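Visitor: Could you take me through one part of this model up close, rather than giving me the whole tour? I'd like to start at the middle of a sheet and work outwards from there.

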Amino acid sequence: MSMQILLMGPPGAGKGTQAKMLCQRFGLVHLATGDILREEVRAGTDLGKSAKSYMERGDLVPDSLINEMMQVHMGRNLATGFLLDGYPRTRPQAEEVEAFLAGKRASLGAVLRIEVDEESLIERIVHRVSCQACGAVYNRRTRPPRVEGRCDACQGALKGRSDDTEETIRNRLKVYRGETEPVVGYFRERGLEVQDVDGNAAIDSVQAALVGALEAAGTSSR
Ligand code: AMP
């Protein structure tokens, strides 16, 4: 049976990096709402045009737009199995995920949360750059590429995100604490276990902890 996993955590916690590794290991499709939205903005679609100003401010894009977008992506990848990264971010979005899965006779296999202290998050995001070609993420301070401005894996150009400024980051963290953290309480109320993993450790140690948590939740590597 396919699995549906949810990875939560504040901006800069390393969700994208960890999600890619988990998806490779467990054969899941990585559904990152931020990446999907940035692609819509780049392509100039109606959704992209509506989402752009919210994203630039670090505010959440309205639930109705996000839910509609994610229904399509979840539906398309249900048979393979997927990992949700950056969704749900509000209680109405969480309700939508549950209702969508219930309608397909499926349910969330595990909810994982990466926790990192706030000042480290800001430090990480301000120095974050990613490859425009393959999406690999680097940090100019703590995890620099071998050649400045070039991806180690594919030599693509590295660039910072336009919403990775200190002011926007502070707003995104505020929004996370106010809107997204309560989603954990919602899942717990619903009897779902949310497994916390310390994201301050090195990338490989965090990955090992996440794999351990997934295996403990009854999911085995393929
Ligand atoms: P991320 O790449 O996850 O940091 O997301 C970048 C931006 O996309 C966020 O600051 C929001 O403006 C928007 N976004 C991503 N996921 C969601 C979501 N689930 N709900 C609302 N807005 C979102």
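**Around strand 3**

Guide: Let's start with strand 2 (residues 29–32), which is joined to strand 3 by four bridges, the two running parallel. Keep in mind as we go that this is a predicted model. One pair to click on here is valine 29, which sits opposite phenylalanine 82 in strand 3.

Strand 3 has another partner too. Strand 1 pairs with strand 3 in the parallel sense, again over four bridges. Here isoleucine 5 faces leucine 83 of strand 3, and leucine 6 has leucine 84 as its bridge partner in strand 3. Strand 1 in turn carries the sheet on to strand 4, since four bridges join strand 1 to strand 4 and these strands run parallel as well. Isoleucine 5 turns up again at that pairing, where alanine 110 in strand 4 stands opposite isoleucine 5.

Now, which sides of these strands are covered? In a regular strand the side chains alternate between the two faces of the sheet. For strand 3 both faces are covered: Phe82 and Leu84 are buried on one side, and Leu83 and Asp85 are buried on the other. Strand 1 tells a similar story, with five of its five residues buried. Gln4, Leu6 and Met8 point one way from strand 1, while Ile5 and Leu7 point the other way.

Stay on leucine 84 for a moment. Leaving aside residues up to four places away in sequence, Leu84 touches Ile5, Leu6, Leu7, Leu31, Met70, Met74 and Val97. Leu84 also belongs to the largest nonpolar core, a set of 29 residues. Together with Met70, Met74, Leu108, Val111 and Phe187, Leu84 is among the residues with the most contacts inside that core. The elements that give two or more residues to this core are strand 1, strand 3, helix 2 (33–43), helix 3 (46–57), helix 4 (63–77), helix 5 (91–103) and helix 7 (166–189). There is a second, separate core as well, made of 25 residues, and it includes Leu7, Ile114, Ile169 and Leu210.

Follow the chain out of strand 3 and you come to the loop between strand 3 and helix 5, where proline 88 lies. Have a look at the backbone there: the peptide bond from tyrosine 87 to proline 88 is cis, with omega near 0°.

That brings us to the ligand. Of the 16 residues that surround the ligand, the closest are Thr33, Asp59, Gly86, Arg89 and Gln93. Helix 2 gives the most to this shell, with four residues. As for polar groups, a polar side-chain atom of threonine 33 is 2.8 Å from a nitrogen atom of the ligand, and glutamine 93 places a polar side-chain atom 2.9 Å from a nitrogen atom of the ligand. Arginine 161 joins in through its side chain, with an N or O atom 3.1 Å from an oxygen atom of the ligand. On its own the ligand has 480 Å² of accessible area, and the protein covers 95% of that.

While you have the backbone on screen, try the loop between helix 5 and strand 4 (110–115), where you'll find arginine 105. Its phi is near 55°, a positive value in a residue other than glycine. Arginine 105 is exposed, with a relative accessible area of 80%. Glutamine 155, in the loop between strand 6 and strand 7, also has a positive phi for a non-glycine residue, near 65°.

That loop leads into one more sheet, an open one of three strands in the order 6-5-7, with antiparallel pairing. Strand 6 (137–139) and strand 7 (158–159) are the edges, each with a single partner strand, so one side of each has no neighbour in the sheet. Strand 5 (residues 128–131) and strand 7 run antiparallel, joined by two bridges, and there cysteine 131 stands opposite leucine 158 of strand 7.

Technical notes:
Residues numbered from 1 in each chain as written. Predicted model: local features only at pLDDT ≥ 70, side-chain atom pairs only at ≥ 80, totals over all residues. Heavy atoms only, no water. Pairing = 2+ DSSP bridges. Core = buried A, V, L, I, M, F, W, Y, C linked by side-chain atoms within 4.5 Å. Buried < 20%, exposed > 50% of the residue type's maximum accessible area, 1.4 Å probe, protein only. Contact = heavy atoms within 4.5 Å. Near = heavy atom within 4 Å. Polar contact = N/O pair within 3.5 Å; in protein donor to acceptor, adjacent residues only side chain to side chain. Areas by Shrake-Rupley, 256 points an atom, 1.4 Å probe, with all protein chains shown as cover.
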